[in-house]
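Got your viewer open? Load the model below and let's walk through it, one selection at a time.

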Amino acid sequence: MWYQYSRWDGSQEISPFTADDLIDALADDLITDGDLRSALQRIFRWGAQNENGDRMRGLQDLLEQLRERKQQQLNQYRLDSMIDDLKKRLDQVVATERAGIQKRLDQTGSTDKASEPNGQQGEQSDQLGQNQTGDQTASQRSGQNQPSGHGQRSPRGSNEAGQQSGEPSESQPTSGDNSKMSPEQAANLRRLLESMAKRKLKYLDDLPPDFAGGVKALTDYEFMDPEAQRQFQELLKMLEQQILGTRFEGLKQQIQNLSPEDLQRMREMIRDLNQMLQEKLRGGNPDFQKFMDKHGGFFPPDVQSLDDLIEHMQRGMAQMQSLLDSMSPEMRQQLQQLMDSLLRDDRLKWDMAQLAANLDRLLPGRQFRNRYPFHGDESLTFEEAMDLMKELQELDQLERQLKRANGSQGLEGVDPEQVERLLGAEARQALDQLKQLMRILEEAGYVRKTDRGYELSARGIRRIGQKALQDIFGKLKRDAFGNHAVDVRGVGGERTHDSKAYEFGDAFHLDLEHTMMNSLVREGQGVPLHLQPSDFEVYRTELNTTSSTVLMVDMSRSMILRGCFQAAK
């Protein structure tokens, strides 16, 4: 018969332990204290091994794998690098805006030169060197509300400046049909554009060096380059998705196109949620289903009760707080400032603070928070850092589930889907095997369920007795009765014809022939022979064993007074 072997890839099914393997694994503990529940708990915690060397993994093995997984993440990544990644994105926005401003200047300069008559370039150059009195007048005509980029802004750096009487905004100066412009008009347009570009470049030069400050400053800046504006809006949307999305699941998609109406719905949802939580704090019974019918799109579908909703939101908030706690103080301050700047609605800030307080009174978030000591060198983006926080919190949650599990009933509190997602299919299979343990024993007739729980059946007791006898007589050598297999050799009995390499403590029954042959094999033919300690071999000896059976009867006074001594005798 031919067999083909291949590396295990996780898809092959591992043969589960048989009922005989399980009852044999329980036998030693049952013989020691006779408590089936304690013996089962030890199997659940530490696992078992059968005679073939196959091992059933226990809860402690899963816990060890989980801790190794968590430590691997902590040793791999450097959390503060995510601010560096965000800073690079912001620098790219600024660089794109600078390039766009220069491109606009170059285009206008080329148009001016093409429309100027010969000998007029010197006059235009003199006009560009004048003071900015005329520039300011032109600027007021084209964009009175945007001085130096600090004026009133629409949300998230939009480019919609007010226009008067059909004149262009400051951020979008245009020459119209340059072919119809007079040289004087083209020169004025050039001066206007240079004045505007100078102010905007000065504004970009004066941006705060930290990321949070730069984002806040650019939020009040009107971009000249559409591509730079698009990049900045994408950056803001990503940050809002991650920061607000940890609290409300539905916002991750809605923030991409968050309209004023959507923002108003979010404000209304938070107010309704605060009212519902305050009612619960007062001991009332709030209408959870009515709230979900109105605002269910903000939350995942697995939220089925108010308690589920509270736990879901506390986990989301704890995810962000764990991220803050795990960062260095400087990076933590920058991220906190960034979160404050993204929530520019003061009323929304107040409602969010009130929501956090209500949630903490109902379910303290400290149990979900943790500070993770990262020691690695690999960089993380902001999105990857948030996903990593979520995974680490799920590992913490699974660790609590495994620690609470105690016996077959406790395993129901361990989420098998989470085990497979975080630890792999093999860990899921080990958990399923533990859950089937009692069913296998019960179907084999080794245990039965009573009003007091599981207990050994008569068949199970006989099986344990058989196991005990096998363990005892399996160690005995052939004696006057029976033929018992042994796996050890004796010392001090009759010499056998077998030999072995000499070990310290062996009787020195030297096998001279094998000892000399070992020297010849090692050194080759020739005399004299040079013996080394590894060349020596000695004869084995038989093992002489004896056993005695003793019946011990308690002869204490209580045995006699209660009439038990005669029965025992």
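Before the first stop, a cut-off: buried here means under 20% relative accessible area, and exposed means over 50%. Keep in mind that this is a predicted model.

Start by selecting helix H12, residues 288-295. Show the side chains of Phe288, Phe291, Met292 and His295, which are buried. Now look down the axis of H12: these buried residues fall within an arc of 95°, so they line one face of the helix. Spin to the face turned away from that buried side, and you'll find the exposed residues Lys290 and Asp293. While you're here, pick Asp287, which caps the N-terminal end of H12. One of its side-chain oxygens sits 3.4 Å from the backbone nitrogen of Gln289.

Next, jump to Val447 in strand E3, residues 447-450. Is Val447 buried or exposed? With a relative accessible area of 3%, Val447 is buried. Leaving aside residues up to four places away in sequence, its contacts include Leu36, Met438, Tyr454 and Leu456. Add Gly460 to the selection too: its C-alpha lies 6.4 Å from that of Val447, though the two are 13 residues apart along the chain.

From there, go to helix H20, residues 458-473, and pick out Ile472. Turn on the surface: Leu469, Ile472 and Phe473 make a nonpolar patch of about 280 Å².

Last stop: the loop between helix H21 (512-523) and strand E6 (537-541), where you'll find Pro528. Most peptide bonds are trans. Zoom in on the bond from Val527 to Pro528, though, and you'll see a cis one, with omega near -5°.

How values were computed:
Residues numbered from 1 in each chain as written. Predicted model: local features only at pLDDT ≥ 70, side-chain atom pairs only at ≥ 80, totals over all residues. Heavy atoms only, no water. Patch = residues over 30% accessible without salt bridge, like charges linked within 9 Å, V, L, I, M, F, W, Y side chains within 5 Å. Areas by Shrake-Rupley, 256 points an atom, 1.4 Å probe, with all protein chains shown as cover. Salt bridge = Lys/Arg side-chain N within 4 Å of Asp/Glu carboxyl O. Helix = DSSP H or I, 4+ residues; strand = E, 2+ residues; numbered from the N terminus. Buried < 20%, exposed > 50% of the residue type's maximum accessible area, 1.4 Å probe, protein only. Arc of directions from axis to C-beta. Polar contact = N/O pair within 3.5 Å; in protein donor to acceptor, adjacent residues only side chain to side chain. Contact = heavy atoms within 4.5 Å.
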